[in-house]
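Here's a short tour for anyone meeting this structure for the first time. Have a look at it below, and then we'll walk through a few of its features.

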Amino acid sequence: MSEHIVPVRVYVLIFLALIAGTGLTVWAGKRDFPGPLNVIIALTIACIKATLVVLFFMHLRYSSRLVWVIFAAALFWLAILFALTFSDYWTRNWLIG
Amino acid sequence: MESFEVPAPSKVNYLNAQYGLKSWLLTRDHKRIALLYLGSVSLFFFIGGIYAMLIRLELLTPQSDLLSPTTYNKTFTQHGIIMIFFFLIPSIPATLGNFLVPMMIGAKDLAFPRINLLSWYIYIVAGIITLYALIAGGVDTGWTFYAPYSTTFSNSYVVLTGLGIFINGFSSILTGLNFIVTIHTMRAPGMTWFRMPLFLWAIYATSLIFILGTPVIAITVLLLAFERVARIGIFDPAIGGDPVLFQHLFWFYSHPAVYIMILPGMGVISELIANFSRKNIFGYSFVAFSSLAIAVFGFLVWGHHMFVSGQSVYASMIFSVLSFAVAIPSAVKVFNWTATLYRGSISYDTPMLYALGFIGLFTIGGMTGLFLASIAVDLHVTDTYFVVAHFHYIMVGGTLLAYLGGLHYWWPKISGRMYPEGWGRFSALVVFVGFNLTFLPQFVAGYLGMPRRYAAYPPEFQVFNVLSTAGASILGFGLLIPLIYLVWSMRYGKHAEANPWHLPGLEWRTPSPPPTENFPLTPIVTWEAYEFAPPEEMKIVGRVHRGQPLEGADTPVGGHS
Amino acid sequence: MAESIAAEHEVHHPALQHHFENLEQQREAGTLGMWVFLVTEIMFFGGMFFAYTLYRWQYPLEFASASNHLDLPLGTINTIVLIVSSFTMALAVYSAQIGKRRNLLACLVLTIALGVTFLGIKAVEYHQKYVDNLIPGKLIRGHYFNPNGVHLLVGADKNKVEMFYWIYFAMTGMHAVHMIIGVGLLSVILLFAARGRYGPEYHNPVEISGLYWHFVDIIWIFLFPLLYLLGRHFVHGG
């Protein structure tokens, strides 16, 4: 398995995208969007930024399937923590029957 | 008798390759590190046992006469903390796992030998801190540390003990990390996943839990400590916090932790049952995948510890269903072991006695777990001795028996000596009898209503407690015997040959005790895991040039690829 | 046979550890090990992110009020600082891959400097909190928590504001600890790089230190909007 060398211009592009994303999220944070959109927008931008870092800076895009599985497992387990714990908090005030 | 080809034993093995304290304390050899763990884990087991003895002595009488209620609280807390964090969790992985993982995959060592040693030092530092907290005055919160008692009202050494547990978590994480990377990257040529002994599947599954669960208890203990220090925190209702959040975060790890404790034991039992029936394990892939299933499902059920905490009824129902589901892979294992025994050529050596005991006791423990998974039953027996008996059946009747069985089974490989078989069988029987006498009455007492964690109890439960204490004395006696003869055997035991049990496993194809590098030549594996085949089909073929196969090697015939 | 074994030993890279077959296996193991370790870090921070999510869901107004009181310009600058440091870290790995030692050293130095800058700005922020009596609990005598300086949105309960700050300090504090560890780690790597230890055939430690560093950046990528941008739209928006 030979090592993949990512060209510098890819890094530059990703870097610029991350800076743009930061500016975008600050701008969007100050505008009042209807309903829960503020949160959704902020989290979406953060997720995209994080994805870019993981894929290109951390070379996940060029890594073996095993590394993908490992990373996916972490996200999945985080999801378990959130989902099952919230299954308690969201339903605490529900009436029985 | 079959004779598997093994390189001629040399005088030099991992035990005598280097002498001196420094060669042990700065070793990178996974086998020596395993022995370092063996010694320290045994020490903690002994200390935890002392606390158990105090509990059982106090409970002989209904009054809180031997220990004051606060001291009693500290006693059972410390018994739990030491046994769980410093004995049960590291026991099989750090001793047998460290010793055997490289050998079973045909490697020279684990992937990160220095990190392995660091793991042990972290464990020791954590142990010293925790023991210091114990001696300085102890903790009385129960090993479960529930807020708000632990955060706000307890006057004991919560932060210090928590620090010890936090640090210990790193030891677990690094061990698990080492095993995962080793099994993925360092298997010998031909050692495919499905040729690995089932012990390795179990260790791998356990390592997954180490990695995914331990960090959560780490942050939980840290948050608990911060709250105690700042005198306010996220579990405090004064600023809108929820004490039950602590329970969620705590049990997110601590339930999978019980699978950390039992899975390696199950791995050992798979080895013992197959090898002492001289028969291939029934349903190898089912057993292998069930280990992974237990590891995954084990993360989905933690709310069954919280049925009475104020948790939402709907969440409780979800957790209850999932808790029934998690029993299925365990049951699969029990069925497969039983099917392996059927028409096997069974020899009742000491390891097999422990394995058979495990199957029975684990089944009882597991089934009582199903009772507890049912919300209606749990509401009745929660916080009673029924629960105490349930988990001791699994942890002592299960894990401890598996640990002892494995220790005896691999003792010749580890020490180069045989233990005295007669004493081995005798003490196995004493342990079995003593164990059942200790914990069976606790099921009844708990069902009838005897609460746990009480120094004083209603007098109608005394008879059960007396029986239980009598059993505990027998159990303690039964556990002391192996301590004595195993140590004795290291000096005076009969010298063991490379393969004293005449078995096909890769670890038996190297001298007892093994040389430091395990295998002088990297083995090429062409046989299945429990292949009890004629000897001429099972030669180890070595390679001379690192990274290149041997020219014209005579790989074994027989259609195994 | 004896000569071939002897010849083989001459060819071995000095960094190859004896229990590995070859450098490729060693590299694979090292990289895998760091990814597995990062999984533990994700779960570690995950517990705190959960606590944040829970209490934010329960006390949205209190969280928004407290968030508005955080220093947005400093937070934004810190975000940019970390993103630049991730960029320089990626360039450091690249330099090692192509064997440009001078560039590797420069990029490592830059990354470390940016990390220290981040910590410095964080220290300024923490100092502001100390002065404003916004450190939770009764940790520091004379500076017990006092939310009176925080402008409360309509409907917010003053008592719950402390919860936000507790979580703020816990999360950014843990993040800062990881930054400090990262700076230490990179300093060690810098030392070895200066001694010429890394080249195109062997630079795995640089790679995996990079993985750690990027991970710490990712945590901040989430912390920034979740802590600093909660309630700005209440104040600025139309």
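## A nonpolar patch on chain B

Let's start with helix α15(B), which gives the nonpolar patch its largest share: five residues. Keep in mind that this is a predicted model.

Who's in the patch? The members are B:F46, B:I50, B:M53, B:L57, B:L66, B:L480, B:L483, B:I484, B:V487 and B:M490, and together they put about 940 Å² of accessible area on the surface. Two helices of chain B, α2 (30–58) and α15 (462–492), each chip in with at least two residues of the patch.

## Zooming in on B:V487

One of the patch members, B:V487, sits in helix α15 of chain B. Is B:V487 buried, partly exposed or exposed? B:V487 counts as partly exposed because its relative accessibility is 49%, and the exposed label needs over 50%.

## Over to chain A

Chain A keeps its secondary structure simple, with three helices and zero strands. Follow the sequence along and you get the pattern α-α-α.

Now for its dimensions. The C-alpha trace of chain A spans about 60 × 40 × 10 Å along its principal axes. Its radius of gyration is 19 Å, while a compact globule of 97 residues would come in near 13 Å.

## Inside and outside of chain A

Of the 97 residues in chain A, 43% count as buried. The accessible surface of the chain adds up to about 5,300 Å², and carbon and sulfur atoms account for 73% of that.

As for contacts, take those in chain A between residues at least 6 apart in sequence: 50% of them link residues at least 24 apart.

Methods:
Residues are numbered from 1 along each chain as its sequence is written. Chains are lettered from A and ligands numbered from 1 in the order in which they are written. This is a predicted model: local features need pLDDT of at least 70, side-chain atom pairs count only at pLDDT 80 or more; totals for chains, interfaces and linings use all residues. Side-chain values use heavy atoms; hydrogens and water are left out. Helices (H or I, at least four residues) and strands (E, at least two) are DSSP runs, numbered from the N terminus. The radius of gyration is taken over C-alpha atoms; the globule rule is 2.2 Å times the number of residues to the power 0.38. Buried means under 20% relative accessible area, exposed over 50%, partly exposed in between (1.4 Å probe, protein chains only). Contact means heavy atoms within 4.5 Å. Accessible areas come from the Shrake-Rupley method with a 1.4 Å probe; for residues, only the protein chains shown count as cover. Patches are made of residues with over 30% relative accessible area and no salt bridge: like charges are joined within 9 Å, nonpolar side chains (Val, Leu, Ile, Met, Phe, Trp, Tyr) within 5 Å. A salt bridge is a side-chain nitrogen of Lys or Arg within 4 Å of a carboxyl oxygen of Asp or Glu.
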